[in-house]
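Colleague: I am preparing a session for first-year students, and I would like to go through one structure with you by asking short questions. Could you please show me the model before we begin?

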Amino acid sequence: YRCSDEEVRKGKRLIVTSYNRYPDRAPAFSVLGLSLYNSEMPSIAGRGTLTIVDARQDFSSYLLSSGWSGLEASWVWSEGKQAHIMFRTTPNSDGTLKLDLEAFLPGPESVQLVSFSLNGKSVLQVIFSTKNARQKISIPVPASDQAQDLRILIDKPISPKVAGISTDPRELGVALFSLEYDGEKQ
C-alpha cells in the first residue's frame, strides 16, 4: 500500500522505533516490540539556510521525501528521474525557497534539464551545463498551513558507471547542498 501525494502532504507522520526508545515521550501506540511516536514536520520559516552539514537530521527525517541517495559529507544526490522535498512554511505569508544545486555532468558537453513543480503545479525549468553546473534556484512558495511537496524532475540522470567515471551505479541528477526559505517565521 502506498499513500497518495495528497495523503503524504496532509497526513499524520509517525516515527517507528524500538520499544519505548523515547521514555520521556508517550508513544501513539506500541505493538510487537515497536513504538510509534507522533512526529510533526517542523517549519523551515525563519530558520535561515539549512545545509546538509548543519541540518542532517532535518534532511534525513523530514525534508528528503523520496528519490534521494544517502547523505554525503556536504550534499545529497538525487537518484533517478525524480526527487521530492517535503517542507512546511507558514500560513501567514508567501516566500521563496532557495536551493543550492549542482548537476552531475560527466563530460565537457554535458547538459541537464531540471524541472520543478510545487504541489503538482509546474513552476520552473533550469538548464545546467558545465558553464553553470552549480546554481542557486529560487522557487516562489505560496502561504500554506499544509506540508508542501517540491518535485524535482531530472531529464536524463546518468550513473558514473555508465559515464565511465567510476563503478557507482546510481543514476545521478543534482546534488543538493542547502535550502533556505525567506518567508516570515510562524
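The questions and answers below go through this predicted model, from the whole chain to single residues.

Colleague: How many helices and how many strands does the protein chain have?

Modeller: Please keep in mind that what we see is a predicted model. The chain has 186 residues, of which 42% count as buried, and its accessible surface comes to about 10,200 Å², with 50% of that belonging to carbon and sulfur atoms. When the secondary structure is counted, the protein chain has three helices and 13 strands.

Colleague: What share of the contacts with a separation of 6 or more comes from residues 24 or more positions apart?

Modeller: One pair that is well separated in sequence is T89 and Q146, which are 57 residues apart along the chain, while their C-alpha atoms are 8.1 Å apart in space. For the protein chain, among contacts with a separation of 6 or more, the share from residues 24 or more positions apart is 62%.

Colleague: Which strands stand at the edges of the open sheet of five strands?

Modeller: The strands of this open sheet follow the order β5-β7-β12-β9-β10, with antiparallel pairing, and the twist from one strand to the next averages 25 degrees. A strand at the edge has a single partner strand, so one of its sides is left without a neighbour in the sheet, and this is the case for β5 (64–66) and β10.

Colleague: How many bridges join β9 to β10?

Modeller: These two strands form a hairpin with two residues between them, and N119 in the turn has a positive phi of about 50 degrees. One pair across the hairpin is L118 with its bridge partner K121 in β10. On its other pairing, β9 meets β12 in the antiparallel sense over five bridges, with V114 and I154 as bridge partners, whereas the number of bridges joining β9 to β10 is eight.

Colleague: Which strand does β8 pair with over seven bridges?

Modeller: Strand β8 is joined to β11 by eight bridges, in an antiparallel arrangement, and there G95 stands opposite V141. Elsewhere L97 stands opposite Y181, and the strand that pairs with β8 over seven bridges, again in the antiparallel sense, is β13.

Colleague: At about what angle does α2 run to β7?

Modeller: Helix α2 (56–63) is one of the elements that each supply at least two residues of the largest nonpolar core, and β7 is another. The helix lies across β5 and β7, and the angle at which it runs to β7 is about 105 degrees.

Colleague: Which residues of the largest nonpolar core touch the most other members?

Modeller: To picture one of them, consider L150, whose contacts beyond four places in sequence include A83, F87, L97 and I139. Apart from this core lies another, of five residues, among them W77 and F104. Within the largest core, which has 34 residues, those that touch the most other members are I85, L99, F116 and L150.

Colleague: Is T89 buried or exposed?

Modeller: The place of T89 is in the loop between β7 (82–87) and β8 (95–103), and its side chain makes a polar contact with the side chain of Q148 at 3.5 Å. Its relative accessible area is 1%, and because a residue under 20% is called buried, T89 counts as buried.

Colleague: And T51, does it count as buried or partly exposed?

Modeller: T51 lies in strand β4 (residues 49–51), and, not counting residues up to four places away in sequence, it touches R56, F59, F177 and S178. Its relative accessibility is 22%, and because partly exposed covers the range between 20% and 50%, T51 counts as partly exposed.

Colleague: Which residue has the backbone nitrogen that the side chain of T51 reaches?

Modeller: A residue from a distant part of the sequence, L99, is 48 residues from T51 and 10.0 Å from it in space, taken between the C-alpha atoms. The side chain of T51 reaches a backbone nitrogen at 3.0 Å, and that nitrogen belongs to D54.

Note on methods:
Residues numbered from 1 in each chain as written. Predicted model: local features only at pLDDT ≥ 70, side-chain atom pairs only at ≥ 80, totals over all residues. Heavy atoms only, no water. Helix = DSSP H or I, 4+ residues; strand = E, 2+ residues; numbered from the N terminus. Buried < 20%, exposed > 50% of the residue type's maximum accessible area, 1.4 Å probe, protein only. Polar contact = N/O pair within 3.5 Å; in protein donor to acceptor, adjacent residues only side chain to side chain. Core = buried A, V, L, I, M, F, W, Y, C linked by side-chain atoms within 4.5 Å. Contact = heavy atoms within 4.5 Å. Areas by Shrake-Rupley, 256 points an atom, 1.4 Å probe, with all protein chains shown as cover. Pairing = 2+ DSSP bridges. Axes fitted to C-alpha atoms, helices over the stretch in contact; angles between N-to-C directions.
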